[in-house]
Amino acid sequence: MILALETSCDDTCAAVVTHDGEIRANVVSSQGVHATFGGVVPEIASRHHLELVNAVVDDALDRAGATLDDADLIAVTQGPGLVGALLIGVATAKALAAARRLPLAAVDHLQGHVAANYLQPHPFEPPFICLIASGGHTLLARVTERGGYEQLGQTLDDAAGEAFDKGARLLGLGYPGGPALSKLAAEGDPAAFDFPTGARVAGLDFSFAGLKTALLYKTRDLGEDETRRRAADLAASYEHAIVEALVARTKRALAAEPEPRLAIGGGVAANRLLRQRATELGVPVHVPPPELCTDNAAMIASAARFAEPTAFPGYLDLDAYATAHAHAV
Ligand code: KG4
Ligand code: ZN
């Protein structure tokens with residue numbers, strides 16, 4: 001079995017997964033503390049990972065009815081993410097692996113999101129176009145084999161989930177505000193306001209910074225009372241712009257495929273409008289269950305199944321990396 005760790009942001013995650021992709025345990029400990037600050041505070045995230053990681057690993061093994069003796073491979077997210085947070089997972093994984101002379105697989109976080117699609121009981125096999133949209137990343141990729149992906153587009157500034165969160169903050173909805181903004185949007189008119197969808201960005205890349213600024217100016221124009229009165233319309237129009245931006249690029253990517261199929265992942269995959277618009281594209285669509293769309297370690301274990309692990313002691317000097325790099329097949 002594979003024991004996997006994921007600590008790239010504010011969730012401390014451990015999972016036990018078989019080499020066939022069957023999930024035996026998938027534990028996520030979310031650090032609610034960041035809501036107080038309206039966003040993730042990196043130093044606090046690292047400290048919490050350090051406090052939680054051993055208990056989360058023990059919990060995952062317990063729930064799987066397993067011990068460390070059952071693990072023949074340790075997997076861990078190497079990047080991209082918050083470096084201090086990643087290092088807690090990497091150091092823990094190295095210690096677990098080295099103590100038992102096990103091999104270690106260093107996994108790219110985005111490849112993890114893509115590999116969430118390969119888990120049992122409903123694995124979705126390549127080829128497909130994959131849209132990953134979360135608080136930390138926005139990626140459009142072509143997947144032709146399970147060991148990697150070809151990046152087609154990414155965000156040039158804010159991530160899609162970040163755009164939801166920043167919009168929610170402007171409308172006074174708390175953090176993370178995506179679900180609250182989406183709920184409010186259900187009562188509003190998506191055509192009430194015209195927000196930019198980043199259409200000027202060429203190719204398959206995304207841009208959400210202009211959208212957030214447009215909402216800021218709109219709320220200033222309207223003033224406090226009117227903003228409150230029209231909050232549902234503002235939320236609906238804003239959500240519409242984010243989803244249309246995602247859908248337009250996805251549609252363009254699918255149009256270039258001989259056999260178009262789509263997988264969606266990341267926290268924003270929970271968005272009702274995005275899911276609805278995706279099913280209207282007329283191609284087979286796969287969305288992993290919500291707990292596999294948001295950050296988790298089962299997806300990291302899944303990616304490790306198709307990676308090349310490093311044998312002991314080759315990984316002892318393994319380092320984390322903060323920023324995404326092109327990850328070609
Ligand atoms: O994947 P995730 O849990 O963590 C990251 O890796 O970032 O994604 C969290 C993001 C947040 O920005 C949150 O606001 C957004 O996903 N999100 C949503 C919805 N549910 C979560 N955005 C829009 N609509 C939703 N229903
Ligand atoms: Zn993620």
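In this predicted model, an oxygen atom of ligand 1 sits 2.6 Å from an N or O atom in the side chain of Asp 165. That contact is a good place to start looking around. Turn the view a little and you can pick out two further polar partners. Gly 267 offers a polar backbone atom, which is 3.0 Å from an oxygen atom of ligand 1. Asn 271 uses its side chain instead: a polar atom there lies 2.9 Å from a nitrogen atom of the ligand. Taken alone, ligand 1 would expose 550 Å², and the protein buries 85% of that area.

Which elements give two or more residues to the shell around ligand 1? They are helix H4 (160-170) and helix H5 (178-185). The shell holds 17 residues, and those that come nearest are Gly 135, Asp 165, Gly 267, Asn 271 and Asp 295. Sorted by class, the shell has 11 polar residues, four nonpolar ones and two charged ones.

Keep Asp 295 in sight, for this residue takes us to the metal. Asp 295 is among the residues that come nearest to ligand 1, and its OD atom also coordinates the zinc ion (ligand 2). The other donors to the zinc ion are the NE2 atoms of His 109, His 113 and His 137, and the coordination distances run from 2.1 to 2.6 Å. Why is the arrangement around the zinc ion called irregular? The four donor atoms subtend angles of 88 to 170°, and four donors would count as tetrahedral if all angles lay between 85 and 135 degrees.

If you like to read a metal site from the sequence, the donor residues of the zinc ion follow the spacing H-x3-H-x23-H-x157-D. The pair His 137 and Asp 295 links distant parts of the chain, with their positions 158 residues apart. His 137 belongs to the loop between strand E6 (128-133) and strand E7 (138-143), while Asp 295 belongs to the loop between helix H9 (290-293) and helix H10 (298-304). Both of these residues are buried.

Helix H9 also contains Cys 293. With a relative accessibility of 3%, Cys 293 counts as buried, because the cut-off for that label is under 20%. From Cys 293 to Ala 320 there are 27 residues in sequence and 23 Å in space, C-alpha to C-alpha.

Now for some details of the backbone. Gly 79 and Pro 80 are joined by a cis peptide bond, with omega at about -5°. Pro 80 is in the loop between strand E4 (73-79) and helix H2 (83-99). Another cis peptide bond joins Phe 312 and Pro 313, where omega is about 0°, and Pro 313 lies in the segment after H10. Arg 101 is worth a glance too, with a positive phi of about 55° although it is not a glycine. You will find Arg 101 in the loop between H2 and strand E5 (104-108).

Is Arg 101 buried or exposed? Its relative accessibility is 55%, so Arg 101 counts as exposed. Ala 199 is exposed as well, at 59% relative accessibility, and is found in the loop between H5 and helix H6 (209-229). Our last stop pairs Ala 199 with Ala 245: they are 46 residues apart in sequence, and their C-alpha atoms are 7.2 Å apart in space.

Notes
Residues are numbered from 1 along each chain as its sequence is written. Chains are lettered from A and ligands numbered from 1 in the order in which they are written. This is a predicted model: local features need pLDDT of at least 70, side-chain atom pairs count only at pLDDT 80 or more; totals for chains, interfaces and linings use all residues. Side-chain values use heavy atoms; hydrogens and water are left out. Donors are N, O and S atoms within 2.8 Å of the metal (3.2 Å for Na, K and Ca); water is not among the atoms, so sites may look incomplete. Four donors count as tetrahedral if all angles lie between 85 and 135 degrees; four count as square planar and six as octahedral if opposite donors are over 155 degrees apart and all others between 65 and 115; anything else is irregular. Helices (H or I, at least four residues) and strands (E, at least two) are DSSP runs, numbered from the N terminus. Buried means under 20% relative accessible area, exposed over 50%, partly exposed in between (1.4 Å probe, protein chains only). A residue is near a molecule or strand if one of its heavy atoms lies within 4 Å of it. A polar contact is a pair of N or O atoms within 3.5 Å; within protein, one must be able to donate a hydrogen and the other to accept it, and residues adjacent in sequence count only if both atoms are side-chain atoms. Accessible areas come from the Shrake-Rupley method with a 1.4 Å probe; for residues, only the protein chains shown count as cover. Ala, Val, Leu, Ile, Met, Phe, Trp, Tyr, Cys and Pro count as nonpolar, Asp, Glu, Lys and Arg as charged, and the others, Gly among them, as polar.
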